[in-house]
Amino acid sequence: MCGIIGYTGSREPREVLMAGLQRLEYRGYDSAGIAVQSSVGADVIRSVGNLAALREAVGLAVGAETDSAAGAVGIAELPSSTGIGHTRWATHGRVTEANAHPHCDDQETIQVVVNGIIENFATLKNELVAGGSAFSSETDAEVVAHMVAAVYDGDLVDAVRTANRRLEGHFAFVAMTANQPGLLVGARHECPLVIGVGEGECFVASAVPAFLDYTRLVVGIEDGEVVAMRPEGIEITGLDGETIDRQPTEVDWDVETAEKGGFESFMLKEIHEQADAIAETVADRTVRADGVDLGDLGSIDDQLLREISRIVIVACGTSYHSGLIARYAIETWARVPVEVELASEYRYRTPVVGKNDLVIGITQSGETRDTLAAMRCARDAGATVLALTNIMGSQAEREADGCLFTRAGLEIGVAATKTFSSQVAALFLLAIRLAELRGSLEEKQLSDLVAAMKHLPHLVDQTVAATEETAMEIGRRYAKAGFFLYIGRHAGLPIALEGALKLKEIAYVPTDAYAAGEMKHGPIALLDEATPVVCVATDSAVLEKIVSNVMEVRARGAVVIAVETEGSTALEGIAEERIAVPATDPIIGALLAVIPLQLLAYSIASELGLNVDQPRNLAKTVTVE
Ligand code: M6R
């Protein structure tokens, strides 16, 4: 949930740390801080708010150092420039400067930045306090600094390894001490930590983009390993101190992918990237005209896919909505029963699941705590678990029996857009593969679906181009409405749910989303002339039913904004606002409807002057319950 960065080398460390934090800000952004080694200890600068506040504080501090000896002189005397930085999303302790990282022990010997949660922090803190330690924050992270300091006797690597053995939870951290200038030591357990190796310099971070401006040579760190980083290189050791030889691999990510590429926000850029993301996800899997090849799914082979008797999908938020759409595709095309469950609920039930079930954990980040827990719960009960994620090397991939990747690239905007449509595309492919293996569709139906999937990126591009202006214009017109109701049926229902979530999360406008047929059982009471009702009315077998539901809405005077299929006349003269998406298979076509809904939410949030990329109270990766 937080982002960590570390640097040792000969560059100006504040610049490297600030640039890295900038690229990690999507992971957390309620406070931030950096600590840079000096010959007399560490200069620590922390501030509440997003990185702009820290940047200002760092700028002032750098200027001030011309007069104050400690920082500038101390750093100049050192053989290398070494520092750590952190961007925080609060879990334990309020959003205050004292709770911002880096943290240190009370003697200020050890500085740390921590991502994740130390679950046994209360026990450890009690022990440390009983031993005389004084804490200065409310965080669980501070115990890490005290734990390392308590066992430090001149060897930071040993101290980190010893302290690490006592820590429980899911975390990654990096420590440094002025007693060993130029050295950074990192460890992880179920949270990401990657090393960047440069010429005479080393980087460490929660994610590769943090140091992509400086090096493309990357080394991954595994749970339980401890990595020592010096300008001249890294040394990885295992649980017992044995050296592990791991060579860097070169990543081919372009720094551009982490930038806005000319759009006014990451979210808008990512909405526009959906065709590419789907094309990447679909491309090599739809080479055959008569079926789909999903590639290596670990131990999930064709035999297993033929034999499973049920699919259970566990996910949260937008990923849950992907699962809901997948249910229509899998049940219709492959005739396998599907249940879709909120991971946060599933994990605390005593679900009936077993060896004939395939459980699919959908998580774009691959790190969502509740989804991982639900996957574990199913696996422990004997089910086969497939992860659907966008992140290679993520926890979801590590813990599953097999993994299906979306290839949406990095998504920076907190609101999921391109990862959502890529997830749905990947799930459609899975549904087609299941149908193929189980013989549930005629050859012609199968090849039509494959052709539709191949064509989908083109339709997505067309949809963005055809709907952007209209959706933006409608958004501006209705931006002041205090409440929006979203309705849909069949595969259009999850799209309505997703559209409503988008508006809620980025524009803070109250919304509700309902199965259109359920309106008369309650929600219709909400309607009056001031209520816009967004209706997903793309082609489907239930279009006529939706038209009746829209008539019910109109009879209450509410305004109808309909997303329909190009050429459809069903809502002519009925809906005030009509946005058309291209025609294709009805289930696949429902996905296209999400694009104008993303744009509508975007337009309203922009009109209200909100930060669409970093909505309040939310974070991109939710590694807490
Ligand atoms: O990384 P995940 O897909 O597991 O994330 C699940 C949700 O936290 C996520 O979809 C969230 O709802 C997004 N903010 C939606 O835009």
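I'll start at the ligand: serine 365 has a polar side-chain atom 2.7 Å from one of the ligand's oxygen atoms. Threonine 368 does likewise with a polar side-chain atom, at 2.4 Å from a ligand oxygen. At alanine 416 the partner is a polar backbone atom, 2.8 Å from an oxygen atom of the ligand. A polar contact here is a pair of N or O atoms within 3.5 Å. On its own the ligand has 410 Å² of accessible area, and the protein covers 90% of that; areas are Shrake-Rupley with a 1.4 Å probe.

Some housekeeping. This is a predicted model, where local features need pLDDT of at least 70 and side-chain atom pairs count only at pLDDT 80 or more, while totals for chains, interfaces and linings use all residues. Residues are numbered from 1 along each chain as its sequence is written, and side-chain values use heavy atoms, with hydrogens and water left out.

Next, the surroundings of the ligand. The ligand sits in the second largest pocket. A pocket is an open set of points on a 1 Å grid over the protein atoms alone, with protein on both sides within 12 Å along at least five of seven lines; to sit in it, more than half of the ligand's atoms must lie within 2 Å of its grid points. Helix 10 (317-334) and helix 16 (492-507) each give two or more residues to the shell, and helix 10 gives the most, with 3. Helices are DSSP runs of H or I with at least four residues, strands runs of E with at least two.

Which residues come nearest? Of the 14 around the ligand, they are Ser319, Thr363, Ser365, Thr368 and Glu505, where near means a heavy atom within 4 Å.

Now the backbone. The peptide bond from histidine 101 to proline 102 is cis, omega near -5°, and proline 102 lies in the loop between strand 4 (81-88) and strand 5 (103-104). Histidine 490 is not a glycine, yet its phi is positive, about 55°; its loop runs between strand 21 (484-488) and helix 16.

Last, the whole chain. The C-alpha atoms fill a box of roughly 75 × 55 × 45 Å along the principal axes. The secondary structure comes to 19 helices and 25 strands.

Note on methods:
Polar contact = N/O pair within 3.5 Å; in protein donor to acceptor, adjacent residues only side chain to side chain. 1 Å grid on protein atoms, 1.4 Å probe; cavity = no way out; pocket = protein on both sides within 12 Å on 5 of 7 lines; lining within 4 Å.
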